[in-house]
Protein chains: 2
Amino acid sequence: MKHLGRFQEESRRHNLGTVLRHVHMAGPISRSELAERMGLNRSTIMGLTAELTAAGLVREELPRDTGRAGRPSLLVRPESDRVYVLAFDVRVDRLVACRVGLGGEILERREAARRRAGADLDDVVDVLAGFGRELYRGGDAICVGLGAAYCGMIRPGDGMVRFGPDMGWVDQAFGTELGDRLGLGLPVAVGNEAHLGAVAEHVRGVGVGHQNLVYLHGDVGVGGGIIVGGKLLDGDGGYGCELGHMIVNPYDGRPCGCGSRGCLEAEVGEQALLEAAGRSGELVGREGIRTVVAAAADGDEAAAEALRRIGDWLGIGVANLINLFNPGMIVFGGMLQDIYPGAADQVHRRVEANVLVISRERVSLRTAALGDDATLIGAAELAFAEVLASPLETLARGTLSPLA
Amino acid sequence: MKHLGRFQEESRRHNLGTVLRHVHMAGPISRSELAERMGLNRSTIMGLTAELTAAGLVREELPRDTGRAGRPSLLVRPESDRVYVLAFDVRVDRLVACRVGLGGEILERREAARRRAGADLDDVVDVLAGFGRELYRGGDAICVGLGAAYCGMIRPGDGMVRFGPDMGWVDQAFGTELGDRLGLGLPVAVGNEAHLGAVAEHVRGVGVGHQNLVYLHGDVGVGGGIIVGGKLLDGDGGYGCELGHMIVNPYDGRPCGCGSRGCLEAEVGEQALLEAAGRSGELVGREGIRTVVAAAADGDEAAAEALRRIGDWLGIGVANLINLFNPGMIVFGGMLQDIYPGAADQVHRRVEANVLVISRERVSLRTAALGDDATLIGAAELAFAEVLASPLETLARGTLSPLA
């Protein structure tokens, strides 16, 4: 019976986590809806929600007038003010941090512009740890996780930045340092920004319901996050999805930050667009890109032609990805949200010309629904992973050490 | 307790399937090794192997002299002669069928050359069903599944060939027809040849132990099978992994059978190699390719240069795949087994130039271990899937109808 006892224990933990995940993702949800989604009877659900309520993770309340006769099913709500994570986002042009309540709402945020290059680990961690201190809430509230998105290649185990081309970082212990400086006794889970953007769009954005989805994230370069069978493609070391380094132009390709030439990110990145539009000496970053997009909309032929040229290269990349992944959706995030509308004709043309008819029967092409916060929301989801896997055990890990 | 009873039933079925899978994959395996691999105690394992033995799926026997003192652990062997599947393989140049015993051994096979084009569904099914009749064994033996590999895009549910470029098939009900003609009362599970080759190399070939693996299969064109996190990447409709239609040459690419230009398969396929070697009027197929490879080895400079040129395009494709999938292994199968050795330098050069250093830290490039039978063995594994998932239920489905 020992074996059976262990099973029952695991099964209970699994079911508690699943209930909490539904509440976290769906927001207020009735017990009867939970019972239906999980295929369990209502008394089992009642037992589970009672445990989560006692732990202070959810609360149950009568719905407002349902307009129907009979006893209404109680609504289960996440305790968003009490149970939260801190999420951090190291973007190309800014540092962002926020407190996110269980249920996914951003409760409070801090942002600072950052210099594009030359930022060292200390500077970045300094700013983010300061934000963390401001966003932290003690007392009755409990921080259940820390997550960060970084624009580079991240070692999953410890959040080491193996390669951060934008800042010139190689093997910088970002996750460990940030965790130490926050001093909350919690590790910081770090992920690549495009991976996390893909997860966010998959669970809370335009890709909800899609089991196979490719997310392209543009900033200075182009990153990617690919959902295969409902899960992020990580590969052997966690470094998969580097779609920005797919070679699309093998002959006279533009030089790429990775040392190669003709990569997708070299052909469709910020610099390529600004140069093609004859505006490389002017504004850079999102502002620069939006200026080109606005000019094209106003009839500037050079700007429109630049968008079309970018669109053709982007289309080759997208066509390759559809042939490889047979996804239900392609999502354009980061600065590609701005570029895509003016480049969509070229992208569609490439998809029609270069993708097998059967592989593109059901694919749709969309811009991100979560806007620039996709990566930040993905970092918050990474931080929530543990409490959703083992709700009571994660809470029971004891009172957090006060901030240093 | 009803819930618990159902759980115990499911758990027992799951454990029976897992034991049978270990025996099927590992060959004769001791009870103690099974206990260790499954994390169960020896008495539980004994109960499971007793059930499988009673059903006639395995038998237990004393090992030969172990050279060690003490009571030896019984060996569990698959009942390979009694429990079998029929596997079929529609290749570009031939039709192959075999009877494969539980445990994976090919017990008997039939082959016929086939005309390259113009074969209609009836002809193909005729030959394969004839082979099936010759390979079928009744009496005490039991056929537990039917599987087929086909060189085209396959709808997973019913084995419909949506697109078979090589034979010009569009929406041909291959799986259903073959099943009807065999008349065994079993459906035929059909898969794309490269998908099945990847699975075979993953479970029985050079890729054993790799959770992330890319298999490139060359025949007239180039197909692919990609293992992500231990599972075949299928995509929304089951049509993923079409790596042969990745555009590698966007400027003056060769025309491709899919209607596009510059696809990987157009640049590295049979026709490209034969033309580059100045031998397009001579032998075709594997013979043609082997002639070029042999000529290059004998110092024919045109043939060697053709292999190098193919290798450069192949290298671009491989580099893109490593950046995307961060795999532990790339496997070259089909005619790429012949081409790769003479093209390896160019492929490695491209990998070094175009793959991020971190993404290629641990990848190795290999030729298929199962040779040309990878696809056939993959079809057999597809046929075994059901008995490995629910051993007793699959057997209990009753005596098979005799062949018509």
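How much area do chain A and chain B bury between them? The answer is about 4200 Å², with 61% of it on carbon and sulfur atoms. Buried area here is the accessible area (1.4 Å probe) that two parts lose on being put together, summed over both. On the side of chain A, Asp236(A), Leu324(A) and Ile358(A) lose the most area to chain B, and together they make up 16% of what that side buries.

A word on the ground rules. This is a predicted model, in which local features need pLDDT of at least 70 and side-chain atom pairs count only at pLDDT 80 or more, while totals for chains, interfaces and linings use all residues. Residues are numbered from 1 along each chain as its sequence is written, chains are lettered from A and ligands numbered from 1 in the order in which they are written, and side-chain values use heavy atoms, with hydrogens and water left out.

Back to the two chains. Contact, meaning heavy atoms within 4.5 Å, links 50 residues of chain A with 50 residues of chain B. The copies meet through the same surface, because 100% of the interface residues of chain A are also interface residues in chain B. Superposing chain A on chain B takes a rotation of 180° with 0.0 Å of shift along its axis, and the RMSD is 0.0 Å; the fit is by least squares on the C-alpha atoms of residues with pLDDT of at least 70 in both copies. The two copies are therefore related as by a two-fold rotation axis. In chain A, Val248(A) has the C-alpha nearest that axis, 3.3 Å from it.

As for what holds polar partners together on paper, there are 2 salt bridges between chain A and chain B, a salt bridge being a side-chain nitrogen of Lys or Arg within 4 Å of a carboxyl oxygen of Asp or Glu. Glu361(A) and Arg162(B) form a salt bridge through their side chains, at 2.5 Å from N to O. Between the chains there are also 27 residue pairs in polar contact, both residues at pLDDT 80 or more. A polar contact is a pair of N or O atoms within 3.5 Å; within protein, one must be able to donate a hydrogen and the other to accept it, and residues adjacent in sequence count only if both atoms are side-chain atoms.

Within chain A, an automatic or database assignment gives the domain bounds: domain 1 (7-64), domain 2 (83-196 + 374-396) and domain 3 (210-369). The C-alpha centres of domain 1 and domain 2 of chain A lie 28 Å apart. Between them, these two domains of chain A bury about 1200 Å², 69% of it on carbon and sulfur atoms. Arg13(A), His24(A) and Leu57(A) supply 52% of the area that domain 1 of chain A buries against domain 2 of chain A, more than any other three residues. In contact terms, 14 residues of domain 1 of chain A touch 14 residues of domain 2 of chain A.

Arg13(A) turns up again in a salt bridge with Glu393(A), where the closest N and O atoms are 3.7 Å apart. The interface of domain 1 and domain 2 of chain A has 1 salt bridge and 2 residue pairs in polar contact, both residues at pLDDT 80 or more.
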